[in-house]
Amino acid sequence: MSMTTTMDADDVRRLSDEATQRLLNKPGTASSTQGGWMMIATILIEAWDLYAIAFVLIFIKTDFNPTPAQIGLVTAAVQGGALVGALLGGVFADRFGRKTVFIGTMVLFIILAIAQAFVRDIWELIIVRLLIGIPLGSDIANGYAYIMESMSKGKREQMGSRWQFMFGLGEVFSILVITLMYVWGMDHSLLWRIALALGAVPAAILLIGRLDLPETPLSLLQRGQFVKAKEVSKRLFDDPLDMLPDQDQKLPKPKLGDFLKVIWADPIKRRATIFAWISNACQGAEFTAWGFYLPVILVLSGVGVSNSGDITGTNLVTALIFCLATVSGYVAPLMLPKIGHRGVAMWGFGLAFAGLILGGFAIQNDWKILIVVGACILMWGHYWDASNGMTIASMVAPTRFRATAAGFGYVFVKAAAFFGAFVFPLVNASLGKAGATFAVSILSLIGFLAAKFILPEVYGYVEAEKEA
C-alpha cells in the first residue's frame, strides 16, 4: 500500500510536469495502442444510436403519432444529453481519473439503450434518449483525454482523428442491420425497438474489453498518485519514471476557473482551441442538418424508391454513400503527416461546401444522379473536416484540464448538432430542400475560412503549460 507524504507543493508540481513532458515525447507500447482503440470505439456506439433513429423514425411516427416538435425532440434529445454529459464527464474525469468515468459511462449506456425498447409513449422515448446522451458525451470527453495521454506523439493524433472512420463504420452497420430486419418483414413496431436497443450489444463488448485498461499515468501524475503512475508508465511507455519519489504526494484539485485562463495565456493554445470550437460547431451542424436527414432527402427526391413505395433501394444508396464516407474517414488520419491539420481541415470543409452547393442545385432541378454525387462529395469532405476538431482541442490542453477541454470542445459539436437536428426541418419547410441545403453550405464555408486564417499548424505539437 502506498503512503502519502507532503513535499513542497512547487517541487511536486515540477516533478509532475517533468514526468508529463517526458511521457508526451516517448513512443508508446502495444498496450497504449490497445487503449487508444478501446476509447475511439465509443464512436461506433454513438453512430449506431444516432443513425438508427434516422432510419426508424418513420415507424416511431406510425406508433406514437408525434407532433413535429416531438419529432425534433426525439432526434435531438441525445445531442442535448451529450452536451451536458461532455461538460460533467470532462470535469469529473480531470478530478477523479479516467477509468472511473469510462467504466461508469458504458454501464449506464447499456441500461439506457435497453430501456428504449420498453418505452410506452413518445415522451418516455424523448426522456430516455436525453438521458442516454449523458454517458455518450461523458465518454467522448474522457476518451479523447485517454488517447492523448496514453499514446505516443503522432500516433495519438492519428487515433483521435479516426473519429469519422469509426463513425462511418457504425453508420454502415446500423443501415445494413436495419435494412435486413426491414427486408425480412419484421413487424415495424418491433423493428424500431430492437434497432435502438441493439446499441447495448457493442457497448457490452466494449465494457468487457475496457475492464483491464489502466488509468493513464499522466492523469495519475497530475493528481499526485506517483506510485501508481510509475507502475502504469512502465506498462504503457516502458518507462518507470525513476525521477519520482516512491510515495504519493498531495496536489490541489484542478480549478475549472483556471481552464480558460491557461488556454488564453498561450497564443498557439488559444488559436488552436478557437478553431477547434468553430470547426466542431460547423461540422456538427453540417452533418446533422443534411447528412442525418439524408435518407429522408433521398426518399422525398425519389432516389431509390420503387413504384410501390419500397425504400430498400434508398437504404442501399445511403449505405453506399456511407461506405465511401468510411473510406474517407480512414484516409484522413493518414494524410496528417503529409498536409497537417490545416490541410485536412481546409480540404474537408472545401469539399463539403462544393458538395452542398452541387446537391442544392441538383435538388432544385430534380437531377437524381447529381443529388447522389453531391452527397458523396459532401460526405467525403465532411469525414475530413470533422476528423480533427476534437483531437486539436484535447491535444493542446494541459493534462490537468485535458478531459475538461475535450468535453468543452464536444459541447460545440453537440450544441450545433442539437440545433441542426431540431431546426433543419423548419428551415426545410420554409426554404424548401434546395434552399435549406444552400443555407447549410454557409457552415462549411465558415469552417474553411477558420482553418485558413485561425488555425496554426499543430501537427506533432507537444503541450507545455505556460502560466498566465
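Does the length of H4 fit its residue count, or what span should its 29 residues have at 1.5 Å a residue? I looked this up in a model that is predicted. The expected span of H4 is 42 Å. I found its end C-alpha atoms 41 Å apart, which agrees with that value.

**Entry: along H4**

I then went through H4, residues 68-96, for bends. H4 has a kink of about 45 degrees, and I noted Ala76 as its centre. After H4 comes Gly97, and I read a positive phi there, near 110 degrees.

**Entry: H4 against H6**

I took helix H6, residues 122-150, as the partner. The axes of H4 and H6 come within 5 Å, and I have their crossing at roughly 35 degrees. I recorded the crossing as right-handed. Sorting the contact of H4 with H6 by class, I got 16 nonpolar, 10 polar and 1 charged residues.

**Entry: cavities**

I searched for cavities of 30 Å³ or more and the count came to 7. For the largest cavity I noted a volume of about 140 Å³. Its lining has 17 residues. Nearest the centre of the largest cavity I listed Leu50, Phe167, Gln283, Phe287 and Val413.

I also checked which helices supply the lining of the largest cavity. At least two residues each come from H3 (42-64), H8 (163-183), H14 (267-291), H17 (368-385) and H19 (402-453). By class, I put the lining of the largest cavity at 8 nonpolar, 6 polar and 3 charged residues.

Technical notes: Residues are numbered from 1 along each chain as its sequence is written. This is a predicted model: local features need pLDDT of at least 70, side-chain atom pairs count only at pLDDT 80 or more; totals for chains, interfaces and linings use all residues. Side-chain values use heavy atoms; hydrogens and water are left out. Axes are lines fitted to C-alpha atoms, for helices over the stretch in contact, and angles run from 0 to 180 degrees between N-to-C directions. Helices (H or I, at least four residues) and strands (E, at least two) are DSSP runs, numbered from the N terminus. A crossing is left-handed if the near helix is turned anticlockwise from the far one by less than a right angle, and right-handed if clockwise. Ala, Val, Leu, Ile, Met, Phe, Trp, Tyr, Cys and Pro count as nonpolar, Asp, Glu, Lys and Arg as charged, and the others, Gly among them, as polar. On a 1 Å grid over the protein atoms alone, a cavity is a set of points where a 1.4 Å probe fits but cannot get out, and a pocket is an open set with protein on both sides within 12 Å along at least five of seven lines; lining residues have an atom within 4 Å of a point. Grid points are joined across faces, edges and corners, and a volume is the space filled by probe spheres set on the points. The expected span of a helix is 1.5 Å times one less than its number of residues. The bend at a residue is the angle between axes fitted to the seven residues ending there and the seven starting there.
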